[in-house]
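Okay, thanks for squeezing me in, everyone. I'd like to talk through some charged pairs and then the ligand site. Let me put the structure up.

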Amino acid sequence: MEYRYLGRSGLKITEITYGNWLTHGSQVENDVATECVRAALDAGITTFDTADAYANGAAEEVLGAALKGQRRESLEIFTKVYWPVGPKGPNDTGLSRKHIMEGINGSLRRLQMDYVDLYQAHRFDYETPLEETIAAFGDIVRAGKALYIGVSEWTADQLREGQALARQAGFSLVSNQPQYSALWRVIEAEVVPASIELGMSQVVWSPMAQGVLSGKYLPGQPAPAGSRATDEHGGARTISGFMDEAVLANVQKLRPIAAELGLEMSQLAIAWVLQNENVATALVGASRPEQVAENVKASGVKIPAELMTAIDEALGSTVERDPAKTESPATRVA
Ligand code: NDP
């Protein structure tokens, strides 16, 4: 497993991170979740991503329990704040000082840890002055509850404004966490150039387009039993945007390219995002330990330029590139 630096910081993280959205505390039973974490550790993954809102706190609890007893210094733990938690009252959401301060304490309690390595604003909050949000994050860093601060799904302008305020407050934003895959390339035009300029990395989510780029969803056929597309806890809804006949047909055109590289389709998808040097890590989910073992083999893979072009041609117009698709809710969700 190879490591990369997180933004312009000294922190090294594994270029494949294990993420537990939709799985821990929800789609997957706790014993299987623990086996997936064990498989990740066995494969050399030391970086883990979760959020307070995943399964309303249960995902952090499951991850914390699964990592209990591991040497803390050998792990990099990422969590997030913004989406509603607990009883979802008016102050249980967003990036106010109150919610950020209560949010970090709740996350640390559920994770059974004294600090997280990266604390991320899970979206941009249009209802809270950015100065208030950045000041609260700075205080969390000074209190030692988080070592680094990042954001998720912020636009290029929001990254610029946030980074300027953070530097005035004596720290830096090191990362942005956007959706990025061969099918979803909306960060390439604006967010990536701004991030390079600002010394920030991308920590990318759904590199496999939630499993679609593994090629297991065949056009015109029912989704395989037990897959995210059949998960009524939320997975079926979140993957639905990719469950389109034209998308599924184009994904099948990647099979010969993966075969030429001696890779599984899932590995090709993860390796594809890692070809972008502004990407520090691919956040990969798994519902079974065997998936983790398969996916980690994407680390270190180089895809030749002509095959990157062949991937573009295969996916054609089903690739989303519109920078306006980087967005946060206009008002806080409660
Ligand atoms: P992926 O694109 O990696 O999809 C993972 C899912 O694909 C798995 O749960 C599994 O689902 C399926 N899968 C995994 N490996 C294989 C394989 N080898 N063959 C076939 N199917 C496979 O990413 P996620 O959508 O899970 O997101 C990853 C992480 O990103 C999250 O856990 C979270 O940490 C982060 N995230 C952040 C967001 C944000 O707003 N900041 C939003 C969403 C995610 P199944 O077996 O059920 O089909």
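One bit of vocabulary before we start: when I say buried, I mean under 20% relative accessible area, exposed is over 50%, and partly exposed is in between. By that yardstick Arg-97, with a relative accessible area of 33%, is partly exposed. And keep in mind that this is a predicted model.

Let's stay with Arg-97. Its salt-bridge partner is Asp-139, and the closest N and O atoms are 2.7 Å apart. Asp-139 sits in helix H4, residues 130-142, while Arg-97 is in helix H3, residues 97-111, so this pair links distant parts of the chain, 42 residues apart. Asp-139 is partly exposed too, at 29% relative accessible area.

How many salt bridges does the structure hold? The count is 15. Another one I'd like you to look at is Arg-72 with Asp-117, where the closest N and O atoms are 2.8 Å apart. Arg-72 lies in the loop between helix H2 (58-67) and strand E5 (76-81), and Asp-117 is in strand E6 (residues 116-121), so the pair ties together parts that are 45 residues apart in sequence.

Are those two partners buried or exposed? Arg-72 is buried, with a relative accessible area of 15%, and Asp-117 counts as buried as well, at 4%.

Then there's Arg-288 with Glu-290, whose closest N and O atoms are 3.4 Å apart. Arg-288 counts as partly exposed, at 41% relative accessibility. Back to Arg-97 for a second: salt bridges that share partners join Arg-97, Asp-139 and Arg-142 into one network.

Right, on to the ligand. There are 34 residues around it, and the ones that come nearest are Asp-49, Ser-206, Lys-216, Arg-228 and Ser-287. In the side chain of Asp-49, an N or O atom is 2.5 Å from an oxygen atom of the ligand. Ser-287 has a polar side-chain atom 2.6 Å from a ligand oxygen, and Ser-266 has one 3.5 Å from a ligand nitrogen. On its own the ligand has 920 Å² of accessible area, and the protein covers 97% of that.

What elements give two or more residues to that shell? Those are strand E10 (279-284) and helix H11 (289-295). H11 gives the most, with three residues. Sorted by class, the shell has 18 polar, 10 nonpolar and six charged residues.

That's my tour. Happy to rotate the view if anyone wants another look.

Methods: Residues numbered from 1 in each chain as written. Predicted model: local features only at pLDDT ≥ 70, side-chain atom pairs only at ≥ 80, totals over all residues. Heavy atoms only, no water. Salt bridge = Lys/Arg side-chain N within 4 Å of Asp/Glu carboxyl O. Helix = DSSP H or I, 4+ residues; strand = E, 2+ residues; numbered from the N terminus. Buried < 20%, exposed > 50% of the residue type's maximum accessible area, 1.4 Å probe, protein only. Near = heavy atom within 4 Å. Polar contact = N/O pair within 3.5 Å; in protein donor to acceptor, adjacent residues only side chain to side chain. Areas by Shrake-Rupley, 256 points an atom, 1.4 Å probe, with all protein chains shown as cover. Nonpolar A, V, L, I, M, F, W, Y, C, P; charged D, E, K, R; others polar.
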